[in-house]
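Hi everyone, thanks for making time this morning. Let me put the structure up, and then we can walk through it together.

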Amino acid sequence: GRFSLTAPAAGTYRLRSERIGFRAGLSDLFELSAQENHTLDMLVDPVVVRLDTLTVSGDSRRCRVVGEQGLQTATVWEEARKALTSVAWGESGQVFTYEIKYFNRYFEQNGRLDHEQSTTIRRARVMPFTNPDANQLYERGYAIERGEVEDSSEYFAPDASVFFSDAFLQHHCFKLERDDDLEGLVGLAFEPTRGRDVPDVKGTLWLNEETAELRRMELRYTDLRSHLRRRNARAEVEFARLENGMWFVQSWLIHMPIVRIVRPRVGGATRRSEELWGFKEEGSQVLRVLGRGREVLFEAARDTTEQH
């Protein structure tokens with residue numbers, strides 16, 4: 001393709017080209033003076049990155065993956081990073097308008113849906129809540145556990161900018177993973193390093209092994225005080241690609257147990273225990289993506305907006 005870029009000032013530059021599934025290309029240095037137009041023909045290495053050739057081997061020392069396994073892990077991370085970069089750029093630059101179905105679902109203890117509240121909104125970001133920054137998440141954790149009579153705990157999920165942060169990369173370990181139930185996908189699993197004593201997250205980024213495209217993220221919470229929350233709290237994010245190559249969050253969901261703390265008297269003594277009252281799911285699904293000219297760039301199939 002042909003692209004036009006505006007440099008911030010005169011100086012010495014080089015261009016980097018990235019395409020998911022292909023090796024990155026880097027130009028030679030070139031000088032650019034004020035008000036100058038510079039034409040650069042850039043050839044990109046056509047060697048396709050194939051993730052289906054990667055082998056996955058177990059290693060309990062997840063932060064010490066070295067050699068060939070370390071190179072393979074870095075390859076998968078690099079492909080996931082490209083998609084996450086696109087997601088972050090699209091939302092921070094408010095490039096698109098998303099038509100979103102935002103919902104809260106409440107389930108009984110046995111998992112039966114009790115009721116659902118939903119609304120359709122338009123906004124420049126898919127995720128409506130504002131996460132603390134990466135350093136705050138590192139210091140305070142990814143969950144705030146509250147609730148005595150009625151649960152009001154908060155859960156956070158790392159977005160693209162958090163994944164790139166030094167705080168996340170330095171305090172999480174990565175390794176490759178496969179799942180027999182997810183044929184055609186290779187996973188980049190992550191978990192907190194040892195010694196963390198605040199609520200954290202572990203999970204897997206799943207990529208298509210033939211195209212190296214990021215498909216979904218599955219997330220669990222660690223180091224929660226409540227065993228019921230620890231067992232049942234989870235989150236998931238689905239990613240999709242527009243025809244113009246940009247990526248966006250097609251849907252996200254946080255599944256939260258509603259826990260009540262009770263203190264029954266047993267033999268004259270008061271004991272603290274937990275009761276699972278049900279579950280709450282908060283999330284959204286993108287119905288349409290609109291460009292700056294209000295043209296429709298993506299429209300969900302009708303059945304993708306229904307409850308699974």
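Let's start with a small puzzle: which residue in E18 does Val289 stand opposite? It's Phe298. Please keep in mind that this is a predicted model.

That pair belongs to the antiparallel pairing of E17 with strand E18, residues 296–299, which runs over three bridges. The two strands form a hairpin with five residues between them, and Arg294 in the turn has a positive phi of about 65°.

Now stay with E17, residues 273–290, because 13 of its 18 residues are buried, which means the strand is mostly covered. E17 has other antiparallel partners too. With strand E5, residues 97–107, it pairs over eleven bridges, and Phe107 has Phe279 as its bridge partner there. With strand E14, residues 247–262, E17 pairs over twelve bridges, and here Ile261 is matched with Glu274.

On to the pockets. The largest one has a volume of about 2,100 Å³ and is lined by 48 residues, with Phe3, Ser4, Leu5, Leu15 and Arg16 lying nearest its centre. By class, that lining has 21 nonpolar, 15 polar and twelve charged residues. Helix H1, residues 67–92, gives the most to the lining, with four residues.

Finally, confidence. The chain averages a pLDDT of 82, and 83% of the residues score at least 70. Strand E1 has the highest mean, at 95, while strand E15 has the lowest, at 67. Over residues 58–62 the pLDDT is below 50, and this stretch has five contacts beyond near neighbours in sequence. Thanks, and I'm happy to chat!

Notes: Residues are numbered from 1 along each chain as its sequence is written. This is a predicted model: local features need pLDDT of at least 70, side-chain atom pairs count only at pLDDT 80 or more; totals for chains, interfaces and linings use all residues. Side-chain values use heavy atoms; hydrogens and water are left out. On a 1 Å grid over the protein atoms alone, a cavity is a set of points where a 1.4 Å probe fits but cannot get out, and a pocket is an open set with protein on both sides within 12 Å along at least five of seven lines; lining residues have an atom within 4 Å of a point. Grid points are joined across faces, edges and corners, and a volume is the space filled by probe spheres set on the points. Ala, Val, Leu, Ile, Met, Phe, Trp, Tyr, Cys and Pro count as nonpolar, Asp, Glu, Lys and Arg as charged, and the others, Gly among them, as polar. pLDDT is the predictor's confidence in each residue, from 0 to 100. Contact means heavy atoms within 4.5 Å. Buried means under 20% relative accessible area, exposed over 50%, partly exposed in between (1.4 Å probe, protein chains only). Two strands pair if DSSP finds at least two bridges between them.
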